[in-house]
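Me: Can you take me through the empty spaces in this one, then the contact between the chains? Here it is.

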Amino acid sequence: MAPRTSSQIEKVGNPLTQAAFAQLRQRFPAQPPVTECIKNGQELDQMPAEELSVWCDGDQRSDFARTPAMLSDEDDRSYPVQLWVLRPDALVYAPEASTFGAALESGVIKHTNLTGGRDAHSGGELRLLGENTVVVNGASGRYGPRTEEALHEVVRAFKASGYRVFWTGYDAETNRPAPLVGVRLKLVA
Amino acid sequence: MSDVASRLDFIFGPGSVGSTEAERARTSKRSYVRSQLQIAFASPEATGRVLTAVEALESFGSDVLEKVAADGAARLIATAHEPAATLKARREHLRLSSSALARSLQVPESQIEDAETPGLVTPFRLLQKLAELLSLDERALSWVPGAMGDERIASKLRDMRAESGRDEQLVAALSEASWVIGRHVELQKKLGMEGPLLGKFEDRSDDYRKRVAERGYMLAGRTRKLLGIPDGSPIFSLRNLAETTLGVPVVEAELGNDIAGATISVGGRRGIVLSAGLEATSRVMFRRMTLAHELAHLLWDPDDRLDPVQVDDLDAMSDESRTFDEVEGRANAFAAALLAPAAAVREINRTSASPTHAVLQIVQTFGVSAPAARFHLANICKVRLDDIELPKTTKAAHATWQKSELEGGSVAGRGFVPPLRAGRFAELVRTAQLRGDVSADTAASWLRITPDQLERIAPQQPRSE
């Protein structure tokens, strides 16, 4: 299933996605980004709609993608890191390394580039392993889930949107979601 | 505000002051927490190792801390296979079994196997203990493949297993001791508390010609002179002399029944490992002799004469007449003469009613064991060994010298810090913690105690022999 750009948000219905993330939006009201994380004004620039993808319903029954035991840096090329943010209007995502990001002072996009610095419900990273298979975490200093339970709800919402979802768990020692690399992948049941 | 200043503000917080990263870190109110996987700002909910801004900067650099400031966390694993690959490779290099490590750390073997399995997450506190046991830098775990392990030490310890048939527990004990010595040396340097006089011993002596005992006596005399110890004076606390005056780390470890002591070279400096079995009052004289013997190696033997881990067997040191190795023979003679100078021994012999009485006098005055005093007397005064009977008892002298050694050395943490880490090392760690170089959590973990127990350790005070 090809990703749709954010200009299509209002045009296409995604019942699974809408239901799954509506619940999450209710559970975690939109919050402004953590301002201490913002290093420069460019981090608040809105990424152009044509570079953003909008999450849409998957069909996990039709996905037979091979799933590695864990991800390593060598997997970057096959499964590039993408940032996701659950905005009030849509769940959007984009590659961390992009044409837009390359022109920024930081060289990559930040979660606030997906929102233009506006409020959001949650955020993190993802890697698409196949058309309907995804590895998700909540690694976002600005919007990310702040507890293990909140992260659980996030990954369950992704699953409910029709995907085979893997995650790497919550790192209680830092009280942060675990990174995507170097941790054995767990299937969200 | 300049770009540099605003970057430093961003990393260390606007309350920090100074123009360099180090100055900013020292005045930063931020603290961090790390796990196997990543580093983040400390929070009450986070259970990992808490780090001060100073230690976080020194361990990972400002780019990582900048990422923490920007993203809330920064990944530490250099590759997906770290730190499992490093831990496994090091254990195998040392020829230690995972069951031996599990026994040492008193954890199920499955936890060691998990730590060596890429992709599984192990609590950092266990990883740290593993790293210390394998003589790796726990701060570099995950972050630097190999975790800054000293290859020379590992190879020597491996050879001890493979060629000399030493048991696993001894290798593990020496490996852990080398971690303590390395950290001790590093802290001394950082705190500006290196021994003031060690620098005087720069001319190593490669003179092991015949009558090697005389070479040992001569070097002992030079040592006393360089340290300003009058010829007839006893050395009341040899441990204090080694640790404070010379800045030589001295640690006690479980080395089994066959080993008296060892020296280990870490980061260009040697430390001394004494067998914990010598701690008893009845062994105080032997402990002093062992320490003096190890000082001989450390102060006078050229590096190419010594292994990175130089182990001294109890047998070779108990009976000087059995010492055929020239390096060991010289060290034995040095040890006796450092404690009991030849001139003083001659004088005692001249004024004593009998050789046995002379031996007793040497034992009481200089804190040398009776067998060593007997051999020393025979050697210096050319008396036949068979003509010297050992005194019936030297118990009173043992008690006196035990008290003297204990009062002279550091007692920091004795009784609640493991012997390997108590004493001078505990003082250094506490001093570093009070300066903000390391967190209370780090300091407590290095000493294997709780942060509350740190309060019971006084920081290091300057001391002199």
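**Cavity, pockets and interface**

Reply: Searching the whole structure turns up one cavity of 30 Å³ or more. Bear in mind that this is a predicted model.

Me: What volume does the largest cavity have?

Reply: The largest cavity has a volume of about 80 Å³.

Me: Which residues lie nearest its centre?

Reply: B:Arg49, B:Leu51, B:Phe124, B:Glu138 and B:Arg139, out of 13 residues that line the largest cavity. Four of the lining residues are nonpolar, four polar and five charged.

Me: Which elements of chain B each supply at least two residues of that lining?

Reply: Strand E3 (49-52) and helices H3 (53-60), H8 (124-133) and H21 (440-447) of chain B.

Me: OK, pockets. What is the volume of the largest pocket?

Reply: About 490 Å³. It is lined by 26 residues, and the closest to its centre are A:Glu96, A:Glu125, A:Ala139, B:Lys67 and B:Arg75.

Me: Which element gives the largest share of that lining?

Reply: E4(B), with three residues. Strands E5 (122-130) and E9 (176-177) of chain A, and helix H4 (62-71) of chain B, each supply at least two as well. By type, the lining has ten nonpolar, six polar and ten charged residues.

Me: And how much space lies in the second largest pocket?

Reply: About 430 Å³. Of its 18 lining residues, the closest to the centre are B:Ser104, B:Ala173, B:Glu176, B:Glu254 and B:Leu420. H10(B) gives the most to this lining, four residues. The split here is nine nonpolar, three polar and six charged.

Me: Now the interface. How many residues are in contact?

Reply: 34 residues of chain B contact 25 residues of chain A. The two chains bury about 2,100 Å² between them, 53% of it on carbon and sulfur atoms.

Me: Which residues of chain B lose the most area to chain A?

Reply: B:Gln38, B:Arg75 and B:Ala80, which together account for 21% of what that side buries. B:Arg75 is also among the residues closest to the centre of the largest pocket.

Me: Different topic: strand E4 of chain A. Why is it largely enclosed by the rest of the structure?

Reply: Four of the five residues of E4(A), residues 91-95, are buried, so the strand is largely enclosed.

Me: How many bridges join E3(A) to it?

Reply: Five, with E3(A) (residues 82-86) and E4(A) running antiparallel. A:Gln82 stands opposite A:Pro95, and a hairpin of four residues joins the two strands. E2(A) (residues 53-54) is also antiparallel to E4(A), through two bridges, and A:Val54 has A:Val92 as its bridge partner there.

Conventions: Residues are numbered from 1 along each chain as its sequence is written. Chains are lettered from A and ligands numbered from 1 in the order in which they are written. This is a predicted model: local features need pLDDT of at least 70, side-chain atom pairs count only at pLDDT 80 or more; totals for chains, interfaces and linings use all residues. Side-chain values use heavy atoms; hydrogens and water are left out. On a 1 Å grid over the protein atoms alone, a cavity is a set of points where a 1.4 Å probe fits but cannot get out, and a pocket is an open set with protein on both sides within 12 Å along at least five of seven lines; lining residues have an atom within 4 Å of a point. Grid points are joined across faces, edges and corners, and a volume is the space filled by probe spheres set on the points. Ala, Val, Leu, Ile, Met, Phe, Trp, Tyr, Cys and Pro count as nonpolar, Asp, Glu, Lys and Arg as charged, and the others, Gly among them, as polar. Buried means under 20% relative accessible area, exposed over 50%, partly exposed in between (1.4 Å probe, protein chains only). Two strands pair if DSSP finds at least two bridges between them. Contact means heavy atoms within 4.5 Å. Buried area is the accessible area (1.4 Å probe) that two parts lose on being put together, summed over both.
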